[in-house]
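Here is a friendly walk through one model, written for someone who likes to know the cut-offs behind each term. Please keep the viewer open as you read.

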Amino acid sequence: MRYCDYVVEDGKRKALELLGRPDRPTALFCCNDLLAIGALQAAKELGLRVPADLSVIGFDNTILASVTDPPLTTVAQPIESMGKKAVDLLIQELKKEEGYKRRVVLRPELVVRQSTAAPGAGSR
């Protein structure tokens, strides 16, 4: 089994593997935008129409997500809020204001573009 580096080539390789199965998926959720771009390339190579035949979604909302063909639906993390909260927690820890671990939940945002559609949308 080959290690995945989470880059475009790995996304394409894994997508080709999944899309070559008899029970081909109708959607792929990729753990980052680079893997999703590879999945878009695999779909194109196989003659699949995105999103009519296959929906693809990424994660991170990188600049590349808006320039793919079709533009990539992705999940945007609240990077600025994450950085601010991390600094606040670090300062609290250094000042010993809090001595316990805390879970912080920040809301991501779904950025809907043209790489997703309802299942079967291409057959209507």
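## Q41 and its surroundings

Q41 is partly exposed because its relative accessible area is 37%, where buried means under 20%, exposed over 50% and partly exposed in between (1.4 Å probe, protein chains only). This is a predicted model, in which local features need pLDDT of at least 70 and side-chain atom pairs count only at pLDDT 80 or more, while totals for chains, interfaces and linings use all residues. Residues are numbered from 1 along each chain as its sequence is written, and side-chain values use heavy atoms, with hydrogens and water left out.

Q41 sits in helix α2 (residues 33–45); helices (H or I, at least four residues) and strands (E, at least two) are DSSP runs, numbered from the N terminus. Setting aside residues up to four places away in sequence, Q41 touches V8 and K12, a contact being heavy atoms within 4.5 Å. Measuring C-alpha to C-alpha in the model, Q41 and A15 are 8.8 Å apart in space and 26 residues apart in sequence.

## Helices α2 and α3

From its first C-alpha to its last, α2 reaches 18 Å with its 13 residues, close to the 18 Å expected at 1.5 Å a residue. The expected span is 1.5 Å times one less than the number of residues in the helix. Which residues of α2 are buried? They are D33, L35, A36, I37, G38, A39, L40, A42 and A43. These buried residues pack against α1 (8–19), β1 (27–29), β2 (55–59) and β3 (73–76). As background, an α-helix has 3.6 residues a turn, so residues three or four places apart point the same way.

Helix α3 (residues 79–94) has 16 residues, and its span of 22 Å from first C-alpha to last is close to the 22 Å expected at 1.5 Å a residue. Just after α3, K96 takes a positive phi of about 60°.

## L19 in helix α1

Is L19, a residue of helix α1, buried or exposed? L19 counts as buried because its relative accessibility is 6%. Leaving aside neighbours within four places in sequence, L19 is in contact with R24, P25, A42, A43, L46, L48 and L54. Two of these partners, A42 and A43, are also listed as buried in α2.

## The largest pocket

A probe the size of a water molecule, rolled over the atoms, shows where empty space is left. On a 1 Å grid over the protein atoms alone, a pocket is an open set of points where a 1.4 Å probe fits, with protein on both sides within 12 Å along at least five of seven lines. The largest pocket holds about 220 Å³ of space. Grid points are joined across faces, edges and corners, and the volume is the space filled by probe spheres set on the points.

Lining residues have an atom within 4 Å of a point, and here they are I37, L40, Q41, A43, K44, G47, L48, R49, V50, T68, D69 and P70. By class, the lining has six nonpolar, three polar and three charged residues. Ala, Val, Leu, Ile, Met, Phe, Trp, Tyr, Cys and Pro count as nonpolar, Asp, Glu, Lys and Arg as charged, and the others, Gly among them, as polar.

R49, one of the lining residues, lies in the loop between α2 and β2. R49 counts as partly exposed because its relative accessibility is 46%. R49 and S115 are 66 residues apart in sequence, yet 9.5 Å apart in space, C-alpha to C-alpha.

## Backbone details

Most residues other than glycine have a negative phi, and most peptide bonds are trans. Where are the cis peptide bonds described here? One joins V50 and P51, with omega about 10°, and P51 is in the loop between α2 and β2. Another runs from D69 to P70, with omega near 0°; P70 lies in the loop between β2 and β3. Positive phi values also appear at Y6, about 65°, in the segment before α1, and at N61, about 55°, in the loop between β2 and β3. Neither Y6 nor N61 is a glycine. Y6 counts as partly exposed because its relative accessibility is 41%, and N61 counts as partly exposed because its value is 26%.

## Cysteines

How many disulfides are there? The count comes to zero, a disulfide being a pair of cysteine sulfur atoms within 2.5 Å. For C30, the nearest cysteine sulfur is that of C31, 7.4 Å away. C30 counts as buried because its relative accessibility is 10%, whereas C31 counts as partly exposed because its relative accessibility is 43%.
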